[in-house]
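Trainee: I have a structure open and would like to learn how to read it. Could we go through the features one by one?

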Amino acid sequence: MSAAAAIRTAQANQLGDQIIAAGFAPNGFVLDINGALDVPRDFPLSAPWNLPSRLFQFPIEVIRAEQDEPRKIGLRHPLLAAHPFVQHVERALGIEIARDGVTNRHGYSNRVHSLWHHAVDLISAGKWRELLETQEFTEPRNIFKAVAYGLRHSHHEDKKASGHINTAEARQIMRAMDATEPTDRAALILSLSAPSPCKQDRSAEYWAINAHGLCAEDEAWAFIVGIEDGWFSYDRAGFLQWSTKGRDRYAAGDSDSFTEASGQTAFAF
């Protein structure tokens, strides 16, 4: 490396040196790997900043220095300027952290993922009311996607194994978001990809629900309706899948009745 290149590298890493000297990262390697400044566990936080959201736990994105691009730091959401840890970092470094975030030399930032994390983390923690109270930190589509996630997955310690949220809670969220419920419930489910089994080695057969192609709001409604009308059911591990009746009903299409796997004729849901 030439002397001029070495000087440019040192200048580009000046902010990183400040961050390390202030105790916000142990070294440049860890700073680059983490790509963020995280709130220390013993840092005092009040509501809502103490919520179990990765957006609140890692509010500051760090972009490594590359070629002639200096190291940069920015907020993962403009409203994080009020976060006590953010204000602490600004005082320690003597700078104002970019409110609208930063990108690398390719124009990339992980801010979009952080907004999703806020929604799914709070749904997974059973704090959907707190999500609604802090919805300005994410986007409606993320909340709808998180509703779908919360219905199709369960906490590993949940003995009921029936989702992070139930359909009644999901409906409260949808109502708070002014979501419009589809009038044709069966047509919504039939718009999903056809049920097909998944099986790995000696594991049990699993009938995954593929909602690709639906908008986030319709996807959330599909899982609510699918559970309420018996199209879907939870397996023993708490994962939602097509029920036997749901698969038979899907195969019947628009018919008013269908034949169950047992051979009996049943009426559509």
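**Reading the strands, the core and some single residues**

Mentor: Start with one pair of residues: Leu37 has Ile60 of strand 2 as its bridge partner. Keep in mind that this is a predicted model.

Trainee: In what sense do strand 1 and strand 2 pair, and over how many bridges?

Mentor: The general idea comes before the case. Sheet strands pair through hydrogen bonds of the backbone, in a parallel or an antiparallel way. Here strand 1, residues 36-37, pairs with strand 2 in the antiparallel sense, over two bridges.

Trainee: What joins strand 2 to strand 3?

Mentor: Four bridges do, and these two strands also run antiparallel. Strand 3 covers residues 72-75. Within it, Leu75 is the residue opposite Ile60.

Trainee: Which order do the strands of this open sheet have?

Mentor: The order is 1-2-3, in an open sheet of three strands with antiparallel pairing. Strand 1 and strand 3 are at the edges with a single partner strand each, so each has one side without a neighbour in the sheet.

Trainee: Which residues of strand 2 lie on its two sides, and are they buried or exposed?

Mentor: Strand 2 spans residues 60-63. Ile60 and Val62 are on one side, Glu61 and Ile63 are on the other, and all of them are buried. Both faces of strand 2 are therefore covered.

Trainee: What does Leu37 touch?

Mentor: Setting aside residues up to four places away in sequence, Leu37 touches a list that includes Ile19, Phe24, Leu31, Ile60, Val62, Phe85 and Val89.

Trainee: How many residues are in the largest nonpolar core, and which have the most contacts inside it?

Mentor: That core has 62 residues. Those with the most contacts inside it are Ile19, Leu37, Ile60, Ile173, Leu192, Phe232 and Trp242. Helix 11, residues 216-228, gives the largest share of this core, with seven residues.

Trainee: Where does this core lie with respect to domain 1 and domain 2?

Mentor: Domain 1 (3-112) and domain 2 (169-252) both contribute residues, so the core lies between them.

Trainee: How many helices and strands are there in the whole protein, and what share of its residues is buried?

Mentor: The protein has 12 helices and nine strands. Of its 269 residues, 40% are buried. The area it exposes is about 14600 Å², and carbon and sulfur atoms supply 49% of that. For contacts with a separation of 6 or more, 56% are between residues 24 or more positions apart.

Trainee: I would like to see one such contact-rich place in a loop. Where is Phe137, and is it buried or exposed?

Mentor: Phe137 is in the loop between helix 7 (128-133) and helix 8 (140-152). Its relative accessible area is 5%, and the cut-off for buried is under 20%, so Phe137 counts as buried.

Trainee: Which residues is Phe137 in contact with?

Mentor: Apart from neighbours within four places in sequence, the contacts of Phe137 are Trp49, Leu55, Phe56, His77, Leu79, Leu80, Leu115 and His118. Phe137 and Phe56 are 81 residues apart in sequence, yet their C-alpha atoms are 9.6 Å apart in space.

Trainee: Next, a helix. Is Ser114 buried or exposed, and what does it touch?

Mentor: Ser114 lies in helix 6, residues 111-124. Ser114 counts as buried, at 5% relative accessibility. Beyond residues up to four places away in sequence, Ser114 touches Leu55 and Arg76.

Trainee: Which residues of helix 12 are buried?

Mentor: On helices in general, an α-helix has 3.6 residues a turn, so residues three or four places apart point the same way. Helix 12 covers residues 244-252, and its buried residues are Gly246, Asp248, Arg249 and Tyr250. Gly246 has a relative accessible area of 0%. Gly246 and Asp229 are 17 residues apart in sequence and 8.8 Å apart in space, C-alpha to C-alpha. After helix 12 comes Gly253, with a positive phi near 65°.

Trainee: Last, how many disulfides are there?

Mentor: A disulfide is a covalent bond that links the sulfur atoms of two cysteines. The count here is zero. Cys198 is partly exposed, at 37% relative accessible area, and Cys215 is partly exposed too, at 42%.

Technical notes
Residues numbered from 1 in each chain as written. Predicted model: local features only at pLDDT ≥ 70, side-chain atom pairs only at ≥ 80, totals over all residues. Heavy atoms only, no water. Buried < 20%, exposed > 50% of the residue type's maximum accessible area, 1.4 Å probe, protein only. Contact = heavy atoms within 4.5 Å. Areas by Shrake-Rupley, 256 points an atom, 1.4 Å probe, with all protein chains shown as cover. Core = buried A, V, L, I, M, F, W, Y, C linked by side-chain atoms within 4.5 Å. Domains from an automatic or database assignment. Pairing = 2+ DSSP bridges. Disulfide = S-S within 2.5 Å.
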